[in-house]
Amino acid sequence: MSLNFRFAIASDLHVALPHTIWDHPSRFHLVEVSIPAFDSVLEHLTQLDLDFLLLPGDLTQHGEPENHTWLQERLAKLPFPTYVIPGNHDVPVLNANEQSIAFSEFPQFYRKFGYEHTEELYYTCKLLPSVRLIALNSNNFDDEAKQIGCLDDIQLRWLEKVLAAAREELILVMVHHNVVEHLPNQARHPMAHRYMLDNAAELLQILRRYNVQLVFTGHLHIQDIAYSNNVYDITTGSLVSYPHPYRLLEYRQDKHGNNKLHISSCKVESVTNFPNLQQTSRQWMGDRSSPFIVKLLTLPPLNLTEETAEQLAPRLRDFWANIAAGDALFEYPEFPEKVRLHFEKYGAVTSDGYHSFIDNHATLLL
């Protein structure tokens, strides 16, 4: 019997009720649209015949109990099952403070969305008779209570036991931090490494051992599909950040046993008070890009002087917006050769230099 199902992904919702919104003039994302944008997505998804919805973390602005409560009440009204994991913004502190819930409190808010039978921040459950979800918690704290992105040893041992017992099932893994690099040298770049799972190599080794091919992540706020030695890391951009995307996915298995995952992407085009959301959001990001670009240019591997970086920054105003949208190509013939070659690496090109537009719409052969 063939295996066919359809699901959706919306990531990094950063839900913020109006009275909880932080005013950060330099932020790239428009948290003001978090609730209307998510409502717009749900309006679309409820018209489809979905089997389930995945939300891979950063559900709330910064772990506010009011925002967690609003979201779980909204999810409870959906006609299809929804499964969540925490992002770094959902559990930003080990112990509760005047703003955020405690790290250990997260499962209490989401009993109906994956955490029914556990007090841990990770879980597994059957999505369909032969399809299993493994939802991992990539948020932890070091000895100084500083938040870090990694899987602890207990969770890794638990993962191996789950995979060993699920050999005949299709496994989908959901985790907030990236496990395959989506940007050049992401794991070692001084600005990008914090979006990677610290022990990604160890996790990938386990997944490959059990032939797990599909991992769904968030955190980076870009549309990108990355591949490494039989594992796809499908990361989905943020609903509060240009281009406000979400994904629809269809898994198909034909009678010959061929497996395909069809991926398509949608965008929230407008919401109340933002009738031209795409244009407004892109401009918002560009208007705030200069400090980010200057820092990118002055840090390794480019190490440009601040003066040179300031001169080049205006030409790179829309660089991150184009990265976030996915499938971008970059050509800066007027730049010094070292800089030009560096930014070309961020484009949607294969290691052989061919264009590869798969970040938003693709069919993966599994």
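User: Which residue stands opposite Asp224 in E11?

Analyst: In this predicted model, Asp224 stands opposite Thr235 in E11.

User: What makes E10 and strand E11 partners?

Analyst: Two strands count as paired when at least two bridges are found between them, and five bridges join E10 to strand E11 (residues 231-235), so the criterion is met. The two strands run antiparallel.

User: Why are strand E4 and strand E10 said to stand at the edges?

Analyst: The open sheet has six strands in the order E4-E5-E8-E9-E11-E10, with mixed pairing. Strand E4 (123-128) and strand E10 (224-228) each have a single partner strand, so one side of each is left without a neighbour in the sheet. From one strand to the next, the twist averages 25°.

User: Why is the pair of Phe319 and Tyr346 called edge-to-face?

Analyst: The structure holds 23 aromatic pairs. In the pair of Phe319 and Tyr346, the ring centres are 5.2 Å apart, which is within the 6.5 Å limit, and the planes stand at 85°, which is over 60, so the pair is edge-to-face. Phe319 lies in helix H9 (residues 319-325) and Tyr346 in the loop between helix H10 (337-344) and strand E14 (362-365), so the pair ties together parts that are 27 residues apart in sequence. Both residues are buried.

User: How do you know that Arg288 lies over the face of Trp284?

Analyst: Arg288 is at 3.5 Å from the ring centre of Trp284, and because the cut-off for a charge over a ring is within 6 Å, this distance satisfies that part of the criterion.

How values were computed: Residues numbered from 1 in each chain as written. Predicted model: local features only at pLDDT ≥ 70, side-chain atom pairs only at ≥ 80, totals over all residues. Heavy atoms only, no water. Phe/Tyr/Trp six-rings, centres within 6.5 Å; stacked < 30°, edge-to-face > 60°. Helix = DSSP H or I, 4+ residues; strand = E, 2+ residues; numbered from the N terminus. Buried < 20%, exposed > 50% of the residue type's maximum accessible area, 1.4 Å probe, protein only. Lys NZ or Arg CZ within 6 Å of the ring centre and 35° of its normal. Axes fitted to C-alpha atoms, helices over the stretch in contact; angles between N-to-C directions.
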